[in-house]
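Q: I am new to this structure and would be grateful for a close look at one part of it. Please place that part in its wider setting as well.

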Amino acid sequence: MASNKKYWQSVEELKGSSIVETLSKNEFVEEIPTDEFLGDKETLENSSTSRRDFLKYVGFTTAAATLAACEGPVKKSIPYVVKPHDTILGVADWYASTIADGYDFANVLVKTREGRPLLIMPNKDANGSTNARVQASVLSLYDEQLRLKEPRKGETTISWNTAHSEIGQELAQLKEANESVVLLTGTLASPSTEKIISEFIVAYPNVKHVVYDAISESGTADAFEAMFGQRALPNYHFEKAQTIVSFGADFIGDWQGGFEKGYAASRNPDSGHMSYLVQFEANMSLTGANADKRVVTKPSDQVFALINLYNTITGSSLPSKATPVDAYIKDVASALKKSGSHGVVVSGSSDKNAQLIAFAINDVLQSIVFDAANPLHIRKGNDTDLAQVVADMKAGKVKGLLTYNVDPVYNLSVGTEFAEATKKLNLSVAMSVQNDATANVTQYTLPMTHFLESWGDVMMTEGNYGLVQPTIQNLFNTAQLQEVLLKWSGNTVSYHDYLKAYWSSNILGGKSWNKALHDGFFTREVSNKVSKSSIDVVSVANALKKATKTSEFELTLFSSTAIGDGKQANNPWLQEFPDPITRAAWDNYVTVSMADARELGFTNPVKDNGAINGNYATVSVNGVSLENVPVMVQPGQAPGSIGLALGYGRKTNLKEEMQVGVNAYTLYADSNNVQYGVSIEKTSGAVHEFACTQVQKTIAGRHDILKETTLKDYTTIDPKDHKNGWNVPAMVSYDHQEVEAKSIDLWEEHNREIGHHFNLSIDLTSCTGCGACVIACHAENNVPVVGKKEVRVGRDMHWLRIDRYYSSGVEAKFNEVYNKEPNSQSIREFAKDSLGLGDGAMYAALETEAENPQVAFQPMMCQHCNHAPCETVCPVAATTHGRQGQNQMTYNRCVGTRYCANNCPYRVRRFNWFSYSDNKEFDFNMNNDYGKMVLNPDVVVRSRGVMEKCSFCIQSTQAVILKAKKEGRKVGNDDFNDACACAAACSTGAMVFGDVNNEEDPIVPLAADKRAYHVLDYLQTKPNVVYQVKVRNTNEA
Amino acid sequence: MKSVYLHKRLTNVLLKSFTFLLLFSLSFSTMAQESVDAARQKEGRTLFRSLCASCHKLEKKHVGPALGGVTERRENDWLKAWIKNNAALRASGDRDAIAIFKEYKGSVMSSFGQLTDTQIDDILYYTDVGDPVKVVPAGTVVATGGQKKGPGWLLYVLAAIVICAFLIIATLLKTISELQGAPKTPNSLGSLKEVWAGIQQNTFLHVVGTIFLLLTGAYFGFGTLFSVGVDQGYKPVQPIAFSHKIHAGENKVDCQYCHSSAKHSKHSGIPSVNVCMNCHMNIAEVAEGTEVEYDGIILRKKELDKEIQKIYDAAGWDAENLEYTGETKPIKWIRIHNLPDHVNFVHAQHVTVAGIDCKQCHGPVEEMDEMYQYSPLTMGWCIDCHRETNVDLKGNPYYEKIHKQLAEKYGTKEVTIAQLGGIECGKCHH
């Protein structure tokens, strides 16, 4: 039965490691070493501080502290001289804007207080969605360490005027000599900026604009151009999909911008057509973790499987090879055929030809999911152009280089050569927000504005525009690219005026500029005609077959959810964000399969403090090798393949703590995300210390944490059916009758009908594990960053974590044999008697299952129990229950006994072991004046020695209530949803927050849904967080 | 003691008669000096203050020229024409009119066609004679000085001296009477010794005494500790001697005119300097005789005008040329009401929703020359009010449902803030 699956969080757990067993029983993984100290009599006696001295110190410090506390400090209040009209002290202003940093593109809303941006949320009116990096980008604005502050010539600071005149002269000279100059940018996707660049090129005809993306989708853009005559990326409407087949495309993650919103919309089990997702992949990606069927496939096999799928569907015989997954291909082909135009195939390959085959299959299916008419204009970088530029620079054909917000020295596999070539140029100018590696090799460095300080526009798809507007005055002496280019072109108009004029004559069509600016987006009807050229599939397949070299080890390079392409590597929120799959933070590492790990001798032993260790390896690809790469054994990794995240290993001007991981870009030859001919070798000796949270907060072997079912069972079986039900509530015997546990109570219930009563619903079916909520919570609630060492010992402060569970089907086998549910006793006997396995061996049996486990994500935060176990044990009543259903934590009352955390069955309480603000030991954003500007003034910064946890964003729920009271109206029906940072940030709508006492609130039907359940309901804690049972579509009739 | 009182009374009588004499002679001399038509002066003054004063002063250039003695400089007819419709006068090509318009950089004066000739004459009469001469009661200065409280310790010293003197006198009297042959009373010191010996032997007294001392110690000790961090009465010296008494009291400026964010936000807000300038652009000096007691010192017109100048410095206002220089200098006020960081008090909830009068927490601000913290601002103080106060559920649609439910369920229509969850920790501490 699905809900009685065996869930596990780490490989060690499967092996029955005693350490994991012990860890699961402890609330805090690290004991306070009192016994160690007090038990040792000798040390105690020889200590330089005697007991008497100690008492003296205590006495003196207490007296001194008391005296010092008597006189309060004098505080100054400095009002504005002229207060801006729309600023009210203490009331937040929201601005609609758009992020377009070359990697992430999204319509966003920016919350500001007294002129400081604090929080970024998706602009839901513009159908915007945010991920962890977009959420965290507000902190990068205040990155005092990495941001460029003044224009620079070499090492010397110069004024903007000097910079303009000197660079202007150089440009004029180069123009006169007709020497080639390259303007190198990432994807701008900005119509007005592209116009400015074209005008700049008119003024300087020797300039060529070259676009490249650190993480390249050039192959797809090439394929699209070949087929549809326009350089863009195809758009996918996954909300219309019935069958989705993906070959290594992590479209729920970051592939081509991410499509998690559309995908989640196709996952409603009640709609009657829940999509079926099959993922063929080597690395365990977010998409693979969410897939209904995940087929472990080496990268080379993915390519041939794709061609085989084409052959099976069309009946043709393109050149290919047989693969181990061909059996699945047949099933998939029939599923696709059955879905007809509601089927879609996507490929994550960097190879143009693989993309063409995928396009061709969609063409055959006449897929309505695949949209070539409204293509995406993000990530249009061209690798061929880039390769040409690098070659020309080396050959001395290019004399000038202007870069904008790109860091080729860091993120090209030929970075070092690029740096050398740059130094030889007549003119090199880096225009950049960050003081990165490239900005340190060019002659001139010009500081650029962060997107939160800029004007601008973005066109993500044809006809869908976004506006960028400044939300803060420039923090440093910076300018915008557009202003600089306008100036160099001899245009004196300001960019703001230019933008406005451009919009009114080209985009708005008579509509109001102010309204567009207020909304942050503008949509225009466009009728795109797709002209499709036919492609020669045979020659494409031939070329593809030729390019795909099967090798013993194949490397898949990917972008991690946290760091992406590495632009925000100096952002402590993102570094501390645990990877959704491995749950490791502050690192990148090579992932190897369990089979390969056994063979090559890689292990991840768990230490007694819950930390995980690992070995180092040397990874070599075609003569380039990366040394000392930590190794993580990853369940679900395809044997014969390894994975490594890009974006790490940045060093230039990063804070020392943030210079973590290895730079995988050095292996990213030709921007190809799959590298063949890879060798991996264990480095003997050294041990790597991971900061991995996966074993630290295990839930002590309790069951009924996660509930899941299949679509078939969901539609055919009664949820509460005694035998087969998939959402059976906990039952207890009362008056000799079996009744639902929640119906009886020891205490008299408080009246919760009057006023508001908050509930949070989390749909495990549509939660993709993306982690936007984790960062949103971090930003809203001033959650401190504790650093790698502290995370390693289980002291991370995340109020909201996303637990990742692996599961496998030994129970299913048991069920098959006995046709009944196993329990822990019977499954052991089954393993012993029927399968002839000892305890350890049974885990080994489980382990083979673990080669490709199923994955489930579960966001876990304070459950706000109506009968909270934490509240009853607090000796000082610092944690109490509110009438509105919130379990309240009063920091100023807390004395730090930590009883509450010990008594919390959900392990969601976090203890401040240290003071994390104004402490140079924790030199993150709370230790400098710029970083502190991101703090939310409505939430207190906790001090050392107090407990903290999710508050259901009480500061915002109260603000919503106050707003309604002030305006003399009822609270709107979904006003509360956006009050909770996690629910507001959730792109897929998996999290819904609301007031169950308002019959019209969307939370009401959810709380009463047949899928709704409480975690550990048999404990009778009566939580105010409801989870919705995860439904998988196993594609059974 | 009696003699002290007597002495005081005597001084008072002397002072008062002196004041009376002074007053008498002063008023007499005023009467003798000028013969002013007080009625016309008053009428003119009223009109001037309501219509002209925002741009004109008698002695000083302001937005428009100084008007003292303007009748000597201009013809009466010209003045009437100008006042009634200066634009028409300028349009007619009158040179003087155009010249004066240019001199004041084209700032337009409104037309006052509604004024009758008599009224204009009254105004002009007022510009000639000026304000009625204020009779300053000379004695008050002295009297105020006399009423000023000396420091507290002085009183105690005086009392001690008086007591000592009394004792000495008593002893002397006794000795004298003894010397004169009165029977010798036993030495009080000797009897004290006996009592002391008794006390020393009495264990019961020891125990009671110790308990008494401990309890008293504890009482005062706890009292002291509880007052740590409670800044009731905190009255810091501000960078500008701003008097709430003049603004909120005498001129009846609404609290929320300056503290305008109180109704929207958690903060009441200290007004930005541009809010001060709304009025002070036209009020460069205080009225004659204004007095403000600040930090134990009496400030008068001379000092107070300097305080107004500080606003101009902050706002970058050039009072001579009547323009902003752009050189601003924010005012660094000292914050009086300091809540700890972990307290989230919201003004809007109390001001806008509950409709509480500012005075309830901030005290009689309209009587305070120097602002101080009136309430203790302790949590107990907050909670007491939340426990006792009923929420006004009527008239705000937000509470409609709650109101109905309460009536249905409990038959009650009144709840205290505490019953609605107003003393839950998390509401203010988050």
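Where in chain B is the place of B:Asp295?

A: In this predicted model, B:Asp295 lies in a loop of chain B, between the strands β1 (292-294) and β2 (297-299). The backbone there deserves attention: phi of B:Asp295 is near 55°, a positive value in a residue other than glycine. B:Asp295 counts as exposed, because 12 other C-beta atoms lie within 10 Å and the cut-off for an exposed residue is 12 or fewer.

Chain A offers a residue to set beside it. A:Arg583 also has a positive phi, of about 65°, although it is not a glycine. A:Arg583 is found in the loop of chain A that runs between α22 (572-576) and β23 (584-585). With 22 other C-beta atoms within 10 Å, A:Arg583 is buried, since a residue is buried at 20 or more. Thus a positive phi occurs in the exposed B:Asp295 and in the buried A:Arg583.

The wider setting of A:Arg583 is chain A, which has 34 helices and 43 strands. The radius of gyration of chain A is 29 Å, close to the 31 Å given by the globule rule for 1037 residues, so chain A is as compact as a globular protein of that length. Along the principal axes, the C-alpha atoms of chain A fill a box of roughly 95 × 85 × 70 Å. Of the 1037 residues in chain A, 55% are buried. Among contacts in chain A between residues at least 6 apart in sequence, 74% join residues at least 24 apart.

Key. Residues numbered from 1 in each chain as written. Chains lettered and ligands numbered in written order. Predicted model: local features only at pLDDT ≥ 70, side-chain atom pairs only at ≥ 80, totals over all residues. Helix = DSSP H or I, 4+ residues; strand = E, 2+ residues; numbered from the N terminus. Rg over C-alpha atoms; globule rule 2.2 N^0.38 Å. Contact = placed C-beta atoms within 7 Å.
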